[in-house]
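Could you walk me through this structure in plain words? I am new to it and would like a guided tour, from the overall layout down to a few single residues.

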Amino acid sequence: MIDVVVVGFDRALASAITGLADLFALAGVTWNRIEGRDAERLFNVRIATELGQPVRCINGLQLASHLNFADIIGGSAKVDALIVPTIGGPIEEVLADTEALRALI
């Protein structure tokens with residue numbers, strides 16, 4: 001299984017996070033169902049935030065996280081792909097508030 005981590009930060013687009021999670025979670029599942037085969041997940045998708053806190057998305061939704069950045073930096077979390085979703089808020093403000101994110105990537 002491939003481990004995909006979507007980086008969560010305040011004022012991200014919720015759909016950029018949930019859309020990625022849906023896309024990867026269903027890869028290998030939908031086609032197999034259509035073909036009448038056993039569904040097999042190919043990706044383990046998780047969300048990581050700086051301190052493991054929920055992501056407060058630009059539209060007001062809050063998404064729970066599975067990991068914190070220290071899990072990734074310290075190597076305790078297996079990560080094959082790290083994805084940074086779309087910034088929904090003013091770019092300069094979000095980047096100024098996300099020093100830990102910049103250090104992570």
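Here is a tour that starts with the whole chain and then moves to some of its details.

Keep in mind from the start that this is a predicted model. The chain has 105 residues, and buried residues make up 34% of them. Stretch a box around the C-alpha trace along its principal axes, and you get about 50 × 30 × 20 Å. Inside that box there are 5 helices and 6 strands. Reading from the N terminus on, the elements go β-α-α-β-β-β-β-α-β-α-α. Contacts also reach across the sequence: of those with a separation of 6 or more, 63% are between residues 24 or more positions apart.

Now for the sheet. Which strands form it, and in what order? It is an open sheet of 4 strands, arranged β5-β2-β1-β6, with parallel pairing. The edges belong to β5 and β6 (81-83), each of which has a single partner strand, so one side of each is left without a neighbour in the sheet. As general background, strands of a sheet pair through backbone hydrogen bonds, either parallel or antiparallel.

Strand β2 is a good place to stop for a while. On one side, 6 bridges join β1 to β2, and the two run parallel. If you want a spot to look at there, find V6, which stands opposite I47 in β2. Strand β2 is also joined to β5 (residues 67-68), by 2 bridges and again in parallel. In that pairing, A48 stands opposite L67. How many residues of β2 are buried? The count is 6 of the 7, so the strand is largely enclosed by the rest of the structure.

One residue of that strand deserves a closer look: R46 lies in β2. Is R46 buried or exposed? With a relative accessibility of 14%, R46 counts as buried, because the cut-off for that is under 20%. The side chain of R46 reaches the backbone oxygen of K78 at 2.6 Å. Setting aside neighbours within four places in sequence, R46 is in contact with D3, V4, V5, V6, H66, L67, A77 and K78.

Follow the chain a little further and you come to S65, in the loop between β4 (62-63) and β5. S65 has a relative accessible area of 18%, so this loop residue is buried. What do the side-chain atoms of S65 do? A polar contact of 3.3 Å joins the side chain of S65 to that of T49, and the S65 side chain also reaches the backbone oxygen of G52 at 2.8 Å. Leaving out residues up to four places away in sequence, S65 touches I47, T49, G52 and Q53.

Next, the aromatic rings. How many aromatic pairs does a search of the whole structure find? It finds 1. The partners are F24 and F43, in an edge-to-face arrangement with 4.9 Å from centre to centre and 65° between the planes. F24 sits in helix α1 (residues 14-26) and F43 in strand β2 (residues 43-49), so the pair ties together parts that are 19 residues apart in sequence. Both F24 and F43 are buried.

Beside F43 in the sequence is L42, which lies in the loop between α2 (30-34) and β2. L42 counts as partly exposed, at 37% relative accessibility. Not counting residues up to four places away in sequence, L42 touches M1, I2, A27 and G28. From L42 to V7 there are 35 residues in sequence and 19 Å in space, C-alpha to C-alpha.

The last stop is the largest pocket, which holds about 150 Å³ of space. Its lining is made up of G8, F9, D10, R11, E50, Q53, F69, D97, T98, E99, A100 and L101. Which helix gives the most to that lining? That would be α5 (residues 99-104), with 3 residues.

Among the lining residues, R11 has a twist of its own to show. R11 is placed in the loop between β1 (2-7) and α1, and its phi is near 75°, a positive value in a residue other than glycine. For context, most residues other than glycine have a negative phi.

Notes:
Residues numbered from 1 in each chain as written. Predicted model: local features only at pLDDT ≥ 70, side-chain atom pairs only at ≥ 80, totals over all residues. Heavy atoms only, no water. Phe/Tyr/Trp six-rings, centres within 6.5 Å; stacked < 30°, edge-to-face > 60°. Buried < 20%, exposed > 50% of the residue type's maximum accessible area, 1.4 Å probe, protein only. Contact = heavy atoms within 4.5 Å. Pairing = 2+ DSSP bridges. Polar contact = N/O pair within 3.5 Å; in protein donor to acceptor, adjacent residues only side chain to side chain. 1 Å grid on protein atoms, 1.4 Å probe; cavity = no way out; pocket = protein on both sides within 12 Å on 5 of 7 lines; lining within 4 Å. Points joined across faces, edges and corners; volume = space filled by probe spheres on them.
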